[in-house]
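Trainee: Could you take me through this model and show me how to read its features one at a time?

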Amino acid sequence: ETTRPMDGNVYVTQNVHEAHHHYLKVVTTDFDNPSINQRYSQRNPNYGRRAYQILQSSQVSYYRNDMVPEAKFTYDLSPIAISFRMTSRRWYDY
C-alpha cells in the first residue's frame with residue numbers, strides 16, 4: 001500500500017560498518033467524496049479527506065572503519081498535492 005510502504009519489510013545488514021539509508025517521497029492527497037463526507041462527518045470531520053502517499057527506496061551504505069553506522073531516513077515533502085473529486089452523472093445525460 002502506498003500509505004505504508006515499509007510495513008512488514010525487514011532490513012538486515014550482513015557485515016559490520018553497513019547501514020540502510022531510506023528515502024521517502026511524501027505526496028499529500030486530498031479526497032472530496034460528498035457521500036463519504038456526509039456519512040462520517042458527524043463522528044470524525046476529517047475522515048477520508050487527506051492521505052499521504054509515500055514512495056520509498058532504500059540502499060545499503062558502507063562506512064569507514066572509524067565511523068559508527070546508522071540507519072538514515074530522508075523525507076522529501078512534495079510541494080505539489082493531488083486532489084481527487086468524485087462526481088457522477090445520471091444515466092440519461094449520456
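**Reading exposure, fold and salt bridges**

Mentor: Let us begin with a single residue, D66, whose relative accessible area of 59% makes it exposed, and please keep in mind throughout that the model is predicted.

Trainee: With which residue does the side chain of D66 meet in a salt bridge?

Mentor: The partner is R64, and the nitrogen-to-oxygen distance between the two side chains is 3.1 Å. R64 counts as exposed as well, because its relative accessibility is 54% and the cut-off for that class is over 50%.

Trainee: How many salt bridges does the structure hold?

Mentor: There are four of them, and one is the pair we have just read, R64 with D66. Another joins D7 to R4, with the closest N and O atoms 3.2 Å apart. Here the two partners fall into separate classes, since D7 is exposed at 53% relative accessibility, whereas R4, at 47%, is partly exposed.

Trainee: Which residue does K25 meet in a salt bridge?

Mentor: K25 meets D76, with 3.1 Å from N to O. This pair links distant parts of the chain, for K25 lies in strand β1, which covers residues 18-32, while D76 belongs to strand β3, residues 72-77, and the two positions are 51 residues apart.

Trainee: Are K25 and D76 buried, partly exposed or exposed?

Mentor: K25 counts as partly exposed because its relative accessibility is 30%, and D76 is likewise partly exposed, with a value of 39%. To be called buried, a residue would have to fall under 20%.

Trainee: Stepping back from single residues, in what order do the elements of the protein run from the N terminus?

Mentor: The order is β-α-β-β-β, which reflects a content of one helix and four strands. It is useful to set that order beside the contacts, where one asks how far apart in sequence the joined residues are. Among contacts between residues at least 6 apart in sequence, 80% join residues that are at least 24 apart, and the K25 and D76 pair, at 51 residues apart, gives you one link between distant parts of the chain to look at.

Trainee: What share of the residues in the protein is buried, and how much area does the protein expose?

Mentor: Of the 94 residues, 16% are buried. The protein exposes about 8000 Å², and carbon and sulfur atoms supply 51% of that area.

Note on methods. Residues are numbered from 1 along each chain as its sequence is written. This is a predicted model: local features need pLDDT of at least 70, side-chain atom pairs count only at pLDDT 80 or more; totals for chains, interfaces and linings use all residues. Side-chain values use heavy atoms; hydrogens and water are left out. Buried means under 20% relative accessible area, exposed over 50%, partly exposed in between (1.4 Å probe, protein chains only). Contact means heavy atoms within 4.5 Å. Accessible areas come from the Shrake-Rupley method with a 1.4 Å probe; for residues, only the protein chains shown count as cover. A salt bridge is a side-chain nitrogen of Lys or Arg within 4 Å of a carboxyl oxygen of Asp or Glu.
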